[in-house]
Amino acid sequence: MKTFTKSQLALRNGQDREEIWVAYQGAIYDVTDSRLWRNGKHYEHWAGQDLTDELPDAPHTEKVFERLQQVGVLGD
């Protein structure tokens, strides 16, 4: 699995490149095809970021990530 930095993840925010990615617990997921992440925004959450600390505020559990394709891991 390829490792990406936070800077590389930030470029996949739905604005700078076609890919839309988010990270959770060290894994990076592709949400490009999700209708819930249009233009890199999902309610008050923005793509290109680590969402680990934001999940407790979400109306769903971490099981949502099981439906997404992991494209890498988040490194330093």
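This is a walk through one predicted model, from its sheet to its cores and its largest pocket.

Start with the sheet. Four strands make it up, and the sheet is open. Their order across the sheet is β1-β6-β3-β2, with mixed pairing. In general, strands of a sheet pair through backbone hydrogen bonds, and the sense can be parallel or antiparallel. Here β1, residues 3–4, and β2 stand at the edges. Each has a single partner strand, so one side of each has no neighbour in the sheet.

Now take the pairs one at a time. β2 and β3 run antiparallel and share four bridges. Two of the facing positions are easy to find. V22 sits opposite Y29 of β3. Y24 has A27 of β3 as its bridge partner. Between these two strands the hairpin has two residues. One point to check there is Q25, which takes a positive phi near 50 degrees.

Move across to the next pair. β3 is joined to β6, residues 69–74, by four bridges, and these two strands are antiparallel. D30 faces Q69 of β6 here. The last pair is β1 with β6, which is parallel and has two bridges. F4 stands opposite L74 of β6.

F4 deserves a stop of its own. This residue belongs to strand β1. Is F4 buried or exposed? Its relative accessibility is 6%, and buried means under 20%, so F4 counts as buried. Leaving out neighbours within four places in sequence, F4 contacts R12, W21, I28, V71, G72, V73, L74 and G75. Compare that list with the position of I20. F4 and I20 are 16 residues apart along the chain, and their C-alpha atoms are separated by 14 Å.

R12 is one of those contacts of F4. R12 is in the loop between α1, residues 6–10, and β2. With a relative accessible area of 10%, R12 is buried. What does R12 touch, apart from its neighbours within four places in sequence? The contacts are F4, R17, E19, I20, W21, A47 and G48.

D16 lies in the loop between α1 and β2 as well. Its relative accessibility is 51%, and exposed means over 50%, so D16 counts as exposed. Beyond its neighbours within four places in sequence, D16 contacts A10 and L11. D16 and G26 are 10 residues apart along the chain, with 22 Å between their C-alpha atoms.

Next, look at the nonpolar interior. The largest nonpolar core has 12 residues: I20, V22, Y24, A27, Y29, V31, W37, A47, L51, L55, A58 and F65. Two elements give two or more residues to this core, β2 (21–24) and β3 (27–30). Apart from this core lies another, of six residues, including W21, A23, I28 and L74.

A27 is a useful residue to follow from here. A27 is a member of the largest core and the bridge partner of Y24. Its contacts are V22, Q70, G72 and V73, not counting residues up to four places away in sequence. V22 is in the largest core too.

W21, I28 and L74 link back to F4. These three are among the residues of the other core, and F4 is in contact with each of them.

Turn now to the empty space. Such space can be found by rolling a probe the size of a water molecule over the atoms. The largest pocket has a volume of about 310 Å³. Which of its 16 lining residues are the closest to the pocket centre? They are W37, H42, H60, V64 and L68. The lining as a whole divides into 10 nonpolar residues, four polar and two charged. W37 has a second place in this account, as a residue of the largest nonpolar core.

Finish at the segment after β6, where D76 is placed. At 92% relative accessibility, D76 counts as exposed. D76 and S7 are 69 residues apart in sequence, yet their C-alpha atoms are 9.4 Å apart in space.

Conventions
Residues are numbered from 1 along each chain as its sequence is written. This is a predicted model: local features need pLDDT of at least 70, side-chain atom pairs count only at pLDDT 80 or more; totals for chains, interfaces and linings use all residues. Side-chain values use heavy atoms; hydrogens and water are left out. On a 1 Å grid over the protein atoms alone, a cavity is a set of points where a 1.4 Å probe fits but cannot get out, and a pocket is an open set with protein on both sides within 12 Å along at least five of seven lines; lining residues have an atom within 4 Å of a point. Grid points are joined across faces, edges and corners, and a volume is the space filled by probe spheres set on the points. Ala, Val, Leu, Ile, Met, Phe, Trp, Tyr, Cys and Pro count as nonpolar, Asp, Glu, Lys and Arg as charged, and the others, Gly among them, as polar. A nonpolar core is a set of buried Ala, Val, Leu, Ile, Met, Phe, Trp, Tyr and Cys residues joined through side-chain atoms within 4.5 Å. Buried means under 20% relative accessible area, exposed over 50%, partly exposed in between (1.4 Å probe, protein chains only). Contact means heavy atoms within 4.5 Å. Two strands pair if DSSP finds at least two bridges between them.
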